[in-house]
Amino acid sequence: MSIFVQKNTRILVQGITGKEGSFWTNHMIEMGARVVAGVTPGKEGEQIHGVPVYHTVKRACAAVRPDAAMLFVPARFTKDAVFEALDAGIRRIVTIADGIPLHDQVAIRAAAVAAGAQVVGGNTSGVISPGVSMMGIFPYWIDRVYKPGRIGVMTRSGSLTNEVTSMIVRGGYGVSTLIGVGGDPVPGTRFAEFLPEYERDPDTDAVVIVGELGGTMEEEVAQAIADKRFTKPMVAFIAGRTAPAGKKMGHAGAIVTGGTGSVADKTSALTEAGGYVAMRPRLVGELLREALA
């Protein structure tokens with residue numbers, strides 16, 4: 001079993017006829033994803049990689065009843081695309097767009113919470129359960145990184161995720177489900193909100209988080225551990241250890257403000273709650289062995 005996306009999840013792709021949408025839809029299908037429909041206004045009747053295209057999400061839902069939506073839509077159109085999916089009744093949505101306006105991020109988050117939906121992203125690679133299914137843009141063919149296993153991964157990074165996950169595999173483990181929540185200040189769904197699903201998943205033995213300075217998502221995870229709402233072993237690597245306070249580093253959400261969000265603060269919170277924090281990515285596998293012993 002995996003979380004968020006399973007083998008039988010029926011996926012709709014918004015923006016399927018675009019260059020990136022077509023390219024990654026093909027890889028999703030090759031990975032094992034069950035893509036049942038695409039949406040591009042004005043392109044109904046076409047097929048992309050054997051997937052029927054519809055004018056609107058509602059027309060696609062009426063025809064094939066998808067469970068989840070994968071968005072390959074430019075940042076300025078993302079809010080409308082997410083709202084269209086929510087209005088059609090879809091409650092699992094992944095959007096990879098980078099540069100979504102902050103006020104749109106806030107509106108997307110509010111709408112998702114109100115609807116009881118999970119929106120992953122933006123500014124993310126998506127979600128992958130290696131050997132099962134994928135919604136996103138992962139190089140799943142790299143076996144030393146995307147090996148099936150029993151370790152859940154949540155991440156705010158993209159390329160750093162490949163590094164940390166390769167250390168999980170080097171340590172003798174593999175990945176159950178990897179969720180990239182994204183590096184923006186207002187992600188659609190936060191780390192701690194996925195913890196109950198990892199807690200319930202019988203095929204996840206431990207969780208690794210790839211965090212970074214800024215925000216409070218890692219501290220929220222620490223609180224969940226301290227409150228016993230999450231009881232499985234937790235290992236973290238947090239990027240930005242040498243970043244000067246108050247300086248934005250890379251991602252829009254990676255900034256320390258108001259005396260919170262530093263790597264030191266996050267490390268203290270996680271270790272005091274009973275989690276493990278790796279000082280280097282290469283130590284993640286070793287800490288997993290210690291945590292699972």
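Start by selecting β5 and strand β6 (residues 92–95): the two pair in the parallel sense over three bridges. Pairing here takes at least two DSSP bridges between the strands, and the elements themselves are DSSP runs numbered from the N terminus, with helices being H or I of at least four residues and strands being E of at least two. Before you go on, note that this is a predicted model, where local features need pLDDT of at least 70, side-chain atom pairs count only at pLDDT 80 or more, and totals for chains, interfaces and linings use all residues. Residues are numbered from 1 along each chain as its sequence is written, and side-chain values use heavy atoms, with hydrogens and water left out.

**Around β5**

Show Met70 and look across to β6, where its bridge partner is Val94. Now trace the chain from β5 to β6: it passes through helix α3 (residues 75–87), and this β-α-β crossover is right-handed. To check that by eye, point the strands away from you; right-handed means the path from the first strand over the helix to the second runs clockwise.

Next, add strand β1 (residues 10–14), which runs parallel to β5 and is joined to it by four bridges. Ile11 is a good residue to click, as its bridge partner in β5 is Ala68.

Which way do the side chains of β5 (residues 68–71) point? Ala68 and Met70 go one way, Ala69 and Leu71 go the other way, and all are buried. Buried means under 20% relative accessible area, exposed means over 50%, and partly exposed is in between, using a 1.4 Å probe and protein chains only. In a regular strand, side chains alternate between the two faces of the sheet.

**The pocket and the cavity**

Stay with α3 for a moment, as it gives the largest share of the lining of the largest pocket, three residues. Select Gln14, Gly15, Val39, Pro41 and Val73: of the 13 lining residues, these lie nearest the pocket's centre. The volume of this largest pocket is about 210 Å³.

The search uses a 1 Å grid over the protein atoms alone: a cavity is a set of points where a 1.4 Å probe fits but cannot get out, a pocket is an open set with protein on both sides within 12 Å along at least five of seven lines, and lining residues have an atom within 4 Å of a point. Grid points are joined across faces, edges and corners, and a volume is the space filled by probe spheres set on the points.

How many cavities of 30 Å³ or more are there? The count comes to one, and the largest cavity holds about 50 Å³ of space. Select its lining: Thr95, Ile100, Gln105, Ile108, Val119, Gly121, Gly122, Val186 and Gly188. α4 (102–115) and β7 each supply at least two of the lining residues.

**Backbone oddities**

Two of those glycines deserve a zoom: a cis peptide bond joins Gly121 and Gly122, with omega about 0°. Gly122 sits in the loop between β7 (118–121) and β8 (126–129). Asn123 lies in that loop between β7 and β8 too, and its phi is near 55°, a positive value in a residue other than glycine. Is Asn123 buried or exposed? At 17% relative accessibility, it counts as buried.

Jump to His49, in the loop between β3 (47–48) and β4 (51–54). His49 is not a glycine, yet it has a positive phi of about 55°. With 41% relative accessibility, His49 counts as partly exposed.

**The seven-stranded sheet**

Now colour the open sheet of seven strands, in the order β9-β8-β11-β10-β12-β13-β14, with mixed pairing. β9 (133–136) and β14 (276–278) stand at the edges with a single partner strand each, so one side of each has no neighbour in the sheet. From one strand to the next, the twist averages 20°.

At the β14 edge, three bridges join it to strand β13 (residues 234–239), and the two run parallel. Phe237 has Ala278 in β14 as its bridge partner. Helix α9 (residues 284–292) packs on the sheet, touching β10, β12, β13 and β14, with its direction at about 165° to that of β14. Touching means heavy atoms within 4.5 Å; axes are lines fitted to C-alpha atoms, for helices over the stretch in contact, and angles run from 0 to 180 degrees between N-to-C directions.

Last stop: helix α7 (residues 217–226), where seven of the 10 residues are buried. These pack against α6 (191–200), β12, β13 and α8 (263–273). Just after α7, click Lys228, which takes a positive phi of about 65°.
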